[in-house]
Amino acid sequence: MAQVWRFHGGVHPEQHKTISTREPVANADLPQRLTLPLNQHIGQFAEPVVKPGDRVLKGQMIARATGYVSAPVHAPTSGTIVEVDSKPIPHPSGLSAPSIVVESDGEDRWIERTPVADFTSLDPSALRNIVREAGIVGLGGAGFPTYIKLNPGKQPVRTLVLNGVECEPFITCDDMLMRERADEIVSGMRIVRHALNAGECIIAIEDNKPQAYESMVYATRNEKNVHVRQVPTIYPEGSEKQLVQVLTGKEVPSNGLAIHIGVVCQNVATVAAIHRIIHHGEPLISRLITVTGNGVKQPRNLDVLFGTPMGELIEQCGGDVDMIDRLIMGGPMMGFALHDVRLPVIKTTNCIIAAAREDLPQSRPVMPCIRCGACTDVCPVNLLPQQLYWYAKHKEFDKVQEYNLFDCIECGCCSYVCPSNIPLVQYYRFAKGEIWTTEREKEKADIARQRFEFRNQRLETEKADREARRNKKKAALQNDDPARSDDAAKQEIEAARQRVHSRKNEANTQRDTENTTE
Amino acid sequence: MITAVLALSILGIVFGLLLGFAAIRFKVEGNPLVDQIDSLLPQTQCGQCTYPGCRPYAQAIANGDADINQCPPGGEATIQALADLLDRDPKPLNPENGIIKPKTLAVIDEPTCIGCTLCIQACPVDAILGAAKQMHTVIAEECTGCELCVAPCPVDCIKMVPVEQDLSTWTWPYPVYELTEKPA
């Protein structure tokens, strides 16, 4: 077995994974109404191309990408657009965002699909375009538009890493995908390898998923230069930079990306989505989602159309939406609580935890920091969480940046081990937000300063011009020809009066003709 | 004895000339302190500090004519930053200059606008678009919320509306919890 390295720190939280892998993947029931936020990805909002009343078919684009970092949205089923308006979205802020609401007609009729017959004949840029138009974003959780990651620029790609690590507790959607749809992943991998011209390919799977490992090994038996590698189970191994370190022994530099050391990382579900658009012509309209927690009787993975209300999935898995203590999107380490079961599933929803009281530790009392240093021992990025905490708490934002706050991946290991139960990550998120806000305000202030200075300059030039004109006139008056008689002046005045008169007449006649023509 | 005096005198003259040359060659135009102060001000250009814009206020602070607590839009953060820069003690905002309030944006009620251009002349950052006897409108992106356009409007059609938080400006709040000394 090839060597694997390890990263600093990490934790071993309770897994809770086996409860949702007992049942095979099933299709979720077709919902009546689907709400599709226009920002299911990182980047700019998509722009609607439909209006209420329009009929749409399954897979039809209903909002197009705007700008470079953006992704289009497609209708997950056939039906009618009933609303294009601001709707609550699953987001920690609880705010609303522009969304499109589709009412299903129950027929689930596809738009005409055009698979690519031979992707090897396409050049990488054409492939990227297809991926962009299909609305494919990173399905591991971040939702970064995939086509951008398929464009390494001038950097050569030595290794393509398929991320099947899935290190967060409770989540099993990638596990089930690898067990049941390994062929789709391998097919997608071939496409991505072609697009990136990547030499080697590593499929990384944590050693707590032996079935997924077997399945992937079997599916890749005829592939050349593809290694399925089991990596030791430790959180947060699924984070891109940590995984690259485990597989290559190289650390991604601070402020750098994996591509800077010749590695591109893609989630297994993302490459399966690429397979679906290339070989079946189907854009990204659904994904596997783990519905788990003790709030549901039958935890399992469902193939869910985007826009489906989470409550319907919970009910389909035998849960009672009124009995749920907490609803969490994502895992218990990095996910966030939601306050409404009617919120829709979006592209970045990998897991819904319908938590009963016993599932998650209730918020324990927060006590003062005792400087034990446990957080420093587990930080996978080698930061000093304790120092960051002090500075963030006292809003010393210069200092937190000196301590490399922006390298923090918000994995939550430090909060997890803190014996004083201090919500450390919340402080880091707060500090990051404040720094971004200050930067944004600074930019705005700079623009305002420029405009203010430009305006002052303009006013001054105007004033100077006026002054110059006045002086010129004065000079002209003074230099006036003394020989010029009063008669000449009178004649000039008379001529001016005539001009005004004739212009008035002209205007009158024109108005008359206009009136008559009306 | 003489040699020592001579040597020191020559050294003194040489270094004096060097310094004199450097003072002319590397002369700093303007007062860099004014720029530093100006960069800390919010550039609202509202004039609540009693100076006609942020830069004149920065000038006044640098000259010692104005205090550092006269900028309501900047609030405590600006006072703190100025205090740090000038090595003074921060003090609370002078209530004579106004109160700290949430950021607002000017919005023109377009049907009511008579196109008098008075607000355009009042806007310190040219954020109002329009022409004589044509409807005016505020370029929301450029508006600093200074309120200078509100008073001149003869038909009172300009309202200051609070800037609403949306997803692009939302950030995580400061964690709030009860600190307990002993676990319950």
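**Exercise 1. In this predicted model, work out how many residues chain A and chain B each bring to their contact, and which helix of chain A gives the most.**

Solution. Start with the head count: 24 residues come from chain A and 23 residues from chain B. Next, look at who supplies the chain A side. Helix α13 of chain A, residues 424–478, gives the most, with 14 residues. Finally, sort the chain A side by class: 13 nonpolar, six polar and five charged.

**Exercise 2. Find out which domains chain A and chain B are assigned, and how many residues meet between the domains of each chain.**

Solution. Take chain A to begin with. The assignment gives domain 1 (18–108 + 128–337) and domain 2 (367–474). Their centres, taken over C-alpha atoms, are 32 Å apart. At the contact, seven residues of domain 1 of chain A meet nine residues of domain 2 of chain A. The domain 1 side there has four nonpolar, three polar and no charged residues.

Now do chain B. Here the assignment gives domain 1 (32–97) and domain 2 (102–164), with 25 Å between the centres over C-alpha atoms. Six residues from domain 1 of chain B and seven from domain 2 of chain B make the contact. On the domain 1 side of chain B you'll count one nonpolar, five polar and no charged residues.

**Exercise 3. Track down the largest nonpolar core and say which residues have the most contacts inside it.**

Solution. The largest core has 127 residues, and those with the most contacts inside it are A:Val161, A:Leu162, A:Ile185, A:Ala204 and A:Ile289. Check where it reaches: at least three residues come from each of domain 1 and domain 2 of chain A. There's also a second, separate core of 18 residues, which includes A:Ala448, B:Cys119, B:Cys146 and B:Leu148. As background, nonpolar side chains in soluble globular proteins tend to be buried together.

Then zoom in on A:Ile289. Setting aside neighbours within four places in sequence, its contacts include A:Cys173, A:Leu302, A:Val304, A:Leu313 and A:Ile352, along with A:Asn301 and A:Asn350.

**Exercise 4. Decide how helices α3 and α7 of chain A are oriented to each other, and which residues meet.**

Solution. First get the geometry: α3 (residues 173–180) and α7 (residues 268–280) of chain A pack at about 50°, with axes 9 Å apart. That angle is neither under 35 degrees nor in the 65 to 115 range, so α3(A) and α7(A) are oblique to each other. Next, list the partners: A:Asp174, A:Leu177 and A:Met178 in α3(A) meet A:Val268, A:Ala269 and A:Ala272 in α7(A). By class, that's five nonpolar, no polar and one charged.

**Exercise 5. Is helix α6 of chain A mostly covered or mostly open, and what lies over it?**

Solution. Count the buried residues of α6 (residues 240–248) of chain A: nine of its nine are buried, so this helix is mostly covered. Among them are A:Glu240, A:Lys241, A:Leu243 and A:Val246. The cover includes strands β9 (159–164), β10 (200–206), β11 (226–231) and β12 (263–267) of chain A. Just after α6(A) comes A:Gly249, with a positive phi near 80°.

**Exercise 6. Place A:Ala142 and work out whether it is buried, exposed or partly exposed.**

Solution. A:Ala142 sits in the loop between α1 (124–133) and α2 (146–149) of chain A. It has 13 C-beta neighbours inside 10 Å, so A:Ala142 counts as partly exposed. Lastly, A:Ala142 and A:Gln40 are 102 residues apart in sequence but 9.7 Å apart in space, C-alpha to C-alpha.

How values were computed: Residues numbered from 1 in each chain as written. Chains lettered and ligands numbered in written order. Predicted model: local features only at pLDDT ≥ 70, side-chain atom pairs only at ≥ 80, totals over all residues. Core = buried A, V, L, I, M, F, W, Y, C linked by C-beta atoms within 7 Å. Buried ≥ 20, exposed ≤ 12 C-beta atoms within 10 Å, placed from the backbone. Domains from an automatic or database assignment. Contact = placed C-beta atoms within 7 Å. Axes fitted to C-alpha atoms, helices over the stretch in contact; angles between N-to-C directions. Helix = DSSP H or I, 4+ residues; strand = E, 2+ residues; numbered from the N terminus. Parallel < 35°, antiparallel > 145°, perpendicular 65-115°, else oblique. Nonpolar A, V, L, I, M, F, W, Y, C, P; charged D, E, K, R; others polar.
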